[in-house]
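Subject: Structure handover

Hello,

Here is the structure for your files. Please open it next to this message; my notes on what was found follow below.

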Amino acid sequence: MAGKLYLCATPIGNLDDITFRVVDTLKNVDLIAAEDTRHTIKLLNHYDIKTKMTSYHEHNKYEKAEVLVAELLKGTNIALVTDAGTPGISDPGEELVKQALAAGIEVTSLPGPAALIVAVSMCGLSSRRFVFEGFLPTVKRERKEALARLENETRTIVIYEAPHRFLKTLKDLQDVLGDREIRICRELTKVHESVLAITIADAIKLYEENEPKGEMVVVIKGKDEEEIAQEERASWEEMSVKDHVEHYMQQGLSEKDAMKQAARDRGLSKRDIYDEIKK
Ligand code: SAM
């Protein structure tokens with residue numbers, strides 16, 4: 001019988017943030033695949049877990065996932081842990097999960113900490129609707145595209161960033177989003193945990209003078225719906241009524257529906273639009 005893959009959430013700082021089920025599972029599986037065995041050994045020692053470990057990380061994830069899947073198929077029960085939080089969330093876990101599922105292996109996730117959830121729940125920005133971007137791409141073009149997609153995002157935005165790229169990321173965010181309200185959630189669950197409510201511009205000033213340090217989640221206020229509506233109204237006002245109607249017709253609307261939509265955008269009646277384009 002094939003083994004099972006257990007995704008085990010581990011602490012993001014405070015060693016007590018681990019469930020009984022995760023500790024039991026780590027004790028009872030045949031093998032623990034860990035992102036950094038030197039890091040995970042501290043957790044295992046703390047909980048007196050003696051299970052054998054193997055490394056599974058960003059730089060061996062494709063080949064090592066094949067090896068682990070072969071083990072699973074032979075009947076080995078494997079727990080996957082990463083350096084912090086829930087495996088598969090912005091870490092190499094995703095690849096092993098994909099390969100295991102493709103091979104018909106049973107995969108289960110044992111919930112626990114995830115930095116994004118800790119940050120969103122305590123930072124005070126809207127947590128009703130949010131979008132998680134993980135780490136922004138580092139390749140210039142992909143990064144630009146990812147940022148552009150965020151420009152009109154009305155949901156709260158959550159990103160992960162490493163200290164050495166933090167200032168650059170803040171500047172890129174300012175270029176695209178303008179000066180928005182953000183929360184910088186640092187060292188969550190640790191002794192020096194902090195949540196800083198600041199604007200992007202002030203954060204840039206702050207980190208130009210003080211080197212960013214520690215682990216950070218940035219939570220960004222979504223764009224105001226009214227601000228988007230105002231921007232749209234302003235852009236329609238720059239366009240003639242005729243161009244406005246044509247714009248919708250090019251998108252496939254009938255003339256009648258295009259006039260209706262243009263009237264709605266401009267806060268005018270259909271009659272006004274009709275009179276204007278028949279002038
Ligand atoms: N799998 C993890 C999770 O469930 O959150 C995330 C792994 S990702 C490689 C690491 C990033 O998570 C860090 O760069 C930081 O943005 C964020 N992070 C992890 N621990 C954190 C903490 N204690 N406080 C703030 N951010 C943290």
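Two strands count as paired when DSSP finds at least two bridges between them. Please keep in mind throughout that this is a predicted model.

With that in hand, the first pairing to look at is that of strand 1 (residues 4-8) with strand 5, which run in the parallel sense and share 5 bridges. Within this pair, L7 faces S109 of strand 5.

Before the details, the overall division. The domain assignment splits the chain into domain 1 (4-113), domain 2 (116-223) and domain 3 (226-277). Between domain 2 and domain 3 the distance from centre to centre is 36 Å, taken over C-alpha atoms.

The parallel sheet

Strands 1 and 5 belong to an open sheet of 5 strands, ordered 3-2-4-1-5, in which the pairing is parallel. Strand 3 (53-55) and strand 5 (106-110) are the edges; each has a single partner strand, so one side of each has no neighbour in the sheet. From one strand to the next the twist averages 25°. Helix 4 (residues 93-102) packs on this sheet and touches strand 1, strand 4 (78-81) and strand 5. The direction of helix 4 makes about 155° with that of strand 1.

The mixed sheet

Another open sheet is built from 5 strands in the order 6-7-10-8-9, and here the pairing is mixed. Its edge strands are strand 6 (130-135) and strand 9 (194-199), each of which pairs on one side only. The twist in this sheet averages 20° from one strand to the next.

Strand 8 (residues 181-186) and strand 9 run antiparallel and are joined by 6 bridges. In strand 9, A197 is the residue that stands opposite R183.

Two helices lie across strands of this sheet. Helix 7 (residues 163-177) crosses over strand 7 (156-161), strand 8 and strand 10 (216-220), and runs at about 150° to strand 7. Helix 8 (residues 200-209) lies across strand 8 and strand 9, at about 115° to strand 9.

The three helices at 241-277

Which residues of helix 10 meet helix 11? I take the geometry of that pair before the residues.

Helix 10 (residues 241-250) packs against helix 11 (residues 255-266) at an angle of about 125°, and their axes are 8 Å apart. That angle makes helix 10 oblique to helix 11. Their crossing is right-handed. On the helix 10 side the residues are V241, H244, V245, Y248 and M249; on the helix 11 side they are E255, A258, M259, Q261, A262, D265 and R266. By class, the residues of this contact are 7 nonpolar, 2 polar and 3 charged.

Helix 10 also packs with helix 12 (residues 270-277): the axes come within 9 Å and cross at roughly 105°. That makes helix 10 roughly perpendicular to helix 12. V241, K242 and V245 of helix 10 make the contact with I273, E276 and I277 of helix 12. The residues here divide into 4 nonpolar, no polar and 2 charged. V241 and V245 of helix 10 therefore appear in the contact with helix 11 and again in the contact with helix 12.

The remaining pair is helix 11 with helix 12, packed at an angle of about 110° with axes 8 Å apart. These two helices are therefore roughly perpendicular to each other. Their crossing is right-handed. From helix 11 the contact takes in E255, M259, K260, A262, A263 and R266, and from helix 12 it takes in K270, I273, Y274 and I277. By class there are 6 nonpolar residues, no polar ones and 4 charged ones in the contact of helix 11 with helix 12.

Regards

Methods
Residues are numbered from 1 along each chain as its sequence is written. This is a predicted model: local features need pLDDT of at least 70, side-chain atom pairs count only at pLDDT 80 or more; totals for chains, interfaces and linings use all residues. Side-chain values use heavy atoms; hydrogens and water are left out. Axes are lines fitted to C-alpha atoms, for helices over the stretch in contact, and angles run from 0 to 180 degrees between N-to-C directions. Helices (H or I, at least four residues) and strands (E, at least two) are DSSP runs, numbered from the N terminus. Angles under 35 degrees count as roughly parallel, over 145 as roughly antiparallel, 65 to 115 as roughly perpendicular and the rest as oblique. A crossing is left-handed if the near helix is turned anticlockwise from the far one by less than a right angle, and right-handed if clockwise. Contact means heavy atoms within 4.5 Å. Ala, Val, Leu, Ile, Met, Phe, Trp, Tyr, Cys and Pro count as nonpolar, Asp, Glu, Lys and Arg as charged, and the others, Gly among them, as polar. Domain bounds come from an automatic or database domain assignment.
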